[in-house]
Each structure stands twice: as structure tokens, then as C-alpha cells.
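Grab a pencil: here are some exercises on a helix, a core and a ligand shell. Work each one through before reading its solution.

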Amino acid sequence: MKEPKPFAAMPIEIDLCSVDRHTGPDNSLAPASTLEVTVLARRIRDDESLTGREGWSDADRADVDRVIEGPPRERIAARRTLTRQALGLVAGPDAASTEILRTCEHCGHPGHGRPRPAAGGVHISASTSGRWVVVAVAADPVGVDVESVDAMGDPDLVAASVLTAPELDRYLTVDERGRAEWLTGRWTRKEAVLKASGRGVPDLPEPDVSGDTVGHRGATWIVWTWRLAPGVMLSVATGLGSRVRWVAAI
Ligand SMILES: CC(C)(COP(=O)(O)OP(=O)(O)OC[C@H]1O[C@@H](n2cnc3c(N)ncnc32)[C@H](O)[C@@H]1OP(=O)(O)O)[C@@H](O)C(=O)NCCC(=O)NCCS
């Protein structure tokens, strides 16, 4: 991978989440290893589906146009645009225009699999929630998930359906005022691992994501969680030994 260039815009102010040690082992964002994860995050614009088109492939355009107009279309458009920008930034202009495959590695479905550049070399993951879009690019398989606390619904109901039994015990010890955020952090950790593994939500409530490292389906992932903005949680899961290189607004 090429050395990423510094971003021109201000980095987002990152609040490392102290709840239940939901961070990486050393809380560091500094590059230190060849196994780097570059994370880009920004707010979604109202006109993503009109302004992003230039960098898209024909498949990107078709995927976006298939989605009903409104916030869902702007969200998929934002994921496609930021994915292309992230690939270009990390792996060069050829990678930015590569075909992205979404075939499921588990069942062969053409559309619900982990996205991967046909050219190989790097792994990608994308997520949107509310007004936020996040993309991660890494040398190892990677999963990213962003979620607004407000989008989670009734915390007690959600907790009962998505947490493992030990996680549910832990949830019940969290102060009631902090439960919604705690749960949202847990949720993003699970989705990040499930995206890194390519499985998605069918595996819920597994995996248990209490530790800094998480085992799931024979693989072990390192997982970081941040409060991206007030009420917005972000998690990244990737191979052991990796480091988050940047979290930045562009
Ligand atoms: C993956 C999943 C958790 C995404 O969560 P979401 O809340 O819907 O949406 P997000 O905005 O956070 O993420 C969307 C991104 O998830 C990614 N994604 C979709 N399916 C994925 C999978 N199986 N593995 C990894 N990432 C996946 C896509 O890249 C998508 O972005 P893109 O359309 O720009 O490529 C969810 O769609 C899911 O679980 N889908 C079911 C997958 C499935 O059917 N698996 C069965 C295996 S046999």
C-alpha cells in the first residue's frame, strides 16, 4: 500500500469511549505497524446521489438508482463515494476505479457479501447511520460500523435480542442513563466483527464482544470503539496486530 497523504480538513474530535473499556489496547491512533487500518468518516450531504456520480462505476450507479429517493439513497451514495475516495487515497487511482465484488463467500448470493475490490490487495468496509458515513481500508479483512444512539429503539428490548447472556448480565449493571450508549457501542462492535467475517446479522447474538479481541467462527479480531460525535458510536474490527492509522473528517 502507498503511504496515505494527510487530509486537508480538520480531523474529527474523537472522544475515546471509556464505557467498559471499549477501546483498543493502547488507545493510539499513531501509525506503528505495516498492518494499518485507515478510517475515513464524515457527515452525509443532502445531495450525495447527485454529486458523487463521477467517481462511481456503472454498478455503483445502478445500485444507487435502485434505492428509493430520500435518505436511504443518499446513504448508499455516500458509502459508494467515500469507498472510492478511500481506495484512491490508500491504494492509488487504479484501486479507486476497480470493480467491487459483493458476492457472499458463505452462500454465493451475488449481493449481500463482504465488499472486496476485484483487484485485491486491500480490504474495505463501509457503514452509514443517520447523517454519518464511515469507510475503513486495511491490509487484513476489516469491518466498520457506525450507529446513532437514537436509532437503536428501546434499549431493553434490543439488549434482550442482540446480547449474549454474559453481555446481558453486564448490561443490567450499567447505570440506566448510560445504557443506550453502552448498548449502541456493543452493537457497533458486533456488527464490525460480523462485517469483517462477512456473515452479517444472521450470526447474532454471537459474537460476545466484551474483550479487546474477539473470537468468531475460528478467527480472532481486534476491535476498537469510539464516540465519533455526541450520540454516535463507531467500531472497527480487523486482524490482530493492526493499528488504526487515522480517523478523519474529509
Ligand atoms: C452487513 C449488515 C450488518 C450491514 O448493516 P446495515 O445496518 O444494513 O448497513 P450499514 O450501513 O452499517 O452497512 C452497509 C454496508 O455493509 C456491507 N455489507 C453488506 N453485507 C455484508 C456482509 N455480508 N459482510 C460484510 N459487509 C457487508 C456493505 O458493504 C454495505 O455497504 P455498500 O452497500 O456500500 O457496500 C447487514 O446488511 C446484514 O447483516 N446483512 C445480511 C447479510 C447476510 O444475509 N448474510 C448471510 C450470509 S449467508
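**Exercise 1.** Is H3 mostly covered or mostly bare?

*Solution.* Start with the count: 16 of the 21 residues in H3 are buried, where buried asks for 20 or more other C-beta atoms within 10 Å of a residue's own, with C-beta atoms placed from the backbone. So H3 is mostly covered. A quick note on ground rules: this is a predicted model, where local features need pLDDT of at least 70, side-chain atom pairs count only at pLDDT 80 or more, and totals for chains, interfaces and linings use all residues. Residues are numbered from 1 along each chain as its sequence is written.

Next, place the helix: H3 covers residues 71-91 (helices are DSSP runs of H or I, at least four residues, numbered from the N terminus). Its C-alpha span, first to last, is 30 Å, close to the 30 Å expected (1.5 Å times one less than the number of residues). After H3 comes Gly-92, with a positive phi near 95°.

**Exercise 2.** Find which residues touch the most other members of the largest nonpolar core, and which element gives the most to this core.

*Solution.* The core has 48 residues, and Val-134, Val-135, Ala-136 and Val-236 touch the most other members (a core joins buried Ala, Val, Leu, Ile, Met, Phe, Trp, Tyr and Cys through C-beta atoms within 7 Å). H3 gives the most to this core, with nine residues.

**Exercise 3.** Which residues are closest to the ligand?

*Solution.* Of the 23 residues surrounding the ligand, the closest are Arg-79, Arg-114, Ser-127, Gly-200 and Val-201 (the C-beta atom lies within 6 Å of the ligand). H3, S5 and H7 are the elements giving two or more residues to this shell, and S5 gives the most, with four.

Technical notes
A residue is buried if 20 or more other C-beta atoms lie within 10 Å of its own, exposed if 12 or fewer, and partly exposed in between; C-beta atoms are placed from the backbone.
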